[in-house]
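Me: Please take a close look at one part of this predicted model, the metal site, and then at the backbone features that stand out.

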Amino acid sequence: MKHRLIIDCDPGQDDAIMLLMALAWPEKLELLGVCAVAGNVPLALTQRNTRMICELAGRADLPVFAGCEAPLQRELHTAEHVHGSSGLDGLALWEPALPLQEQHAVNFLIETLLDAEPESITLVPTGPLTNIAMALQKEPAITRGIRNIVLMGGAMREAGNITPSAEFNIYVDPHAAQTVLTCGRPLVVAGLDVTHQVPVPRAWLQTLQNRGDAVAEAVAAMLTYYNRFDTEKYGSEGAPLHDPCTIAWLLEPQLFTGRDCHIAVETESALTLGHTAVDFWQVTSQTANAHWLHAVDAGGFFHLLDRSLKRYAI
Ligand code: BDR
Ligand code: CA
């Protein structure tokens with residue numbers, strides 16, 4: 001079946017690869033629009049980066065919207081130490097011709113979801129959840145249009161990547177994450193427990209470098225930069241491809257193993273702010289609000305990603 005999607009992202013090299021993966025399958029994924037949010041880098045860069053990647057994918061027709069410049073209640077924390085000052089370091093940057101829509105991303109989300117057939121649209125957030133939470137708070141009736149939300153965020157067994165107990169996207173806007181987790185629509189959550197199982201394999205990166213088409217070249221350049229921080233940090237062969245796990249789940253959910261769990265977010269403690277408390281063993285009586293992904297077939301994942309990127313070479 002064809003999914004109707006709205007992607008909400010903060011590119012970021014892994015967001016960029018997520019977008020390229022999604023745009024490679026128009027017969028399976030119908031993208032209604034792409035929203036940008038402040039996260040890895042400030043909004044002025046995430047919206048520009050989003051337009052650049054849509055253009056690279058040959059989709060200059062896509063509507064791209066800029067959303068919130070800062071989290072709901074906190075100051076913005078960014079991750080230039082991972083992604084570089086542009087958010088897409090490694091890539092030779094250009095000023096995209098694809099225009100930015102005038103409408104605010106939050107209003108686009110509200111309008112589209114209110115107009116949609118009931119339970120028909122999948123939201124794919126791969127940055128802080130500010131835009132989605134703001135839309136839910138401004139117009140709670142939008143839940144009617146949401147089929148499900150497939151997001152990248154959180155950590156359980158893997159512990160945190162930005163503080164000892166928090167994953168970056170949730171840490172940046174924990175209040176937004178709490179709003180999304182309690183919205184009552186089906187949620188699929190790809191946190192670090194699963195994304196750390198898909199570090200970029202060195203041999204695969206080399207095949208990309210040798211392929212010679214524009215998309216493979218751009219992805220190889222971005223990944224070479226993106227690898228440098230995480231390989232040092234984790235002692236792994238490559239950096240984890242966090243955000244593409246969302247699209248991989250939509251395309252081939254059988255690659256993943258997950259469990260329905262209750263997930264809550266810490267929004268107050270200075271020590272554990274943004275921690276996702278995943279009730280994996282059902283030790284509380286709280287009803288599950290999410291499907292928590294905890295294992296992935298890494299070989300199958302990279303085979304799917306490779307097939308996706310090869311579609312641009314045809
Ligand atoms: C998440 O944080 C960002 O740096 C990545 O783009 C990903 O969405 C991983 O914690
Ligand atoms: Ca991201």
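Reply: In this predicted model, the calcium ion (ligand 2) is coordinated at 2.3 to 2.6 Å by Asp10 (OD), Asp15 (OD), Asp15 (OD), Thr126 (O) and Asp243 (OD). Along the sequence, the donor residues of this calcium ion follow the spacing D-x4-D-x110-T-x116-D. Asp10 sits in the loop between β1 and α1, while Thr126 sits in the loop between β4 and α5 (130-138), so this pair ties together parts that are 116 residues apart in sequence. Both Asp10 and Thr126 are buried.

The loop that holds Asp10 also holds Gly12, between β1 (3-9) and α1 (13-23). Gly12 is joined to Pro11 by a cis peptide bond, with omega of about 5°. Most peptide bonds are trans, and most residues other than glycine have a negative phi.

The sign of phi is the point of interest at Glu119 and Ala159. Glu119, a residue other than glycine, has a positive phi, near 50°. Its place is the loop between α4 (105-115) and β4 (121-125); β4 in turn borders the loop that carries Thr126. Glu119 has a relative accessible area of 48%, so it counts as partly exposed, given that exposed means over 50%.

Ala159 also is a residue other than glycine with a positive phi, here near 65°. Ala159 belongs to the loop between β5 (146-152) and α6 (168-172). With 34% relative accessibility, Ala159 is partly exposed, whereas the calcium donors Asp10 and Thr126 are buried.

Definitions and conventions
Residues numbered from 1 in each chain as written. Chains lettered and ligands numbered in written order. Predicted model: local features only at pLDDT ≥ 70, side-chain atom pairs only at ≥ 80, totals over all residues. Heavy atoms only, no water. Helix = DSSP H or I, 4+ residues; strand = E, 2+ residues; numbered from the N terminus. Buried < 20%, exposed > 50% of the residue type's maximum accessible area, 1.4 Å probe, protein only. Donors = N, O, S within 2.8 Å, 3.2 Å for Na, K, Ca; no water.
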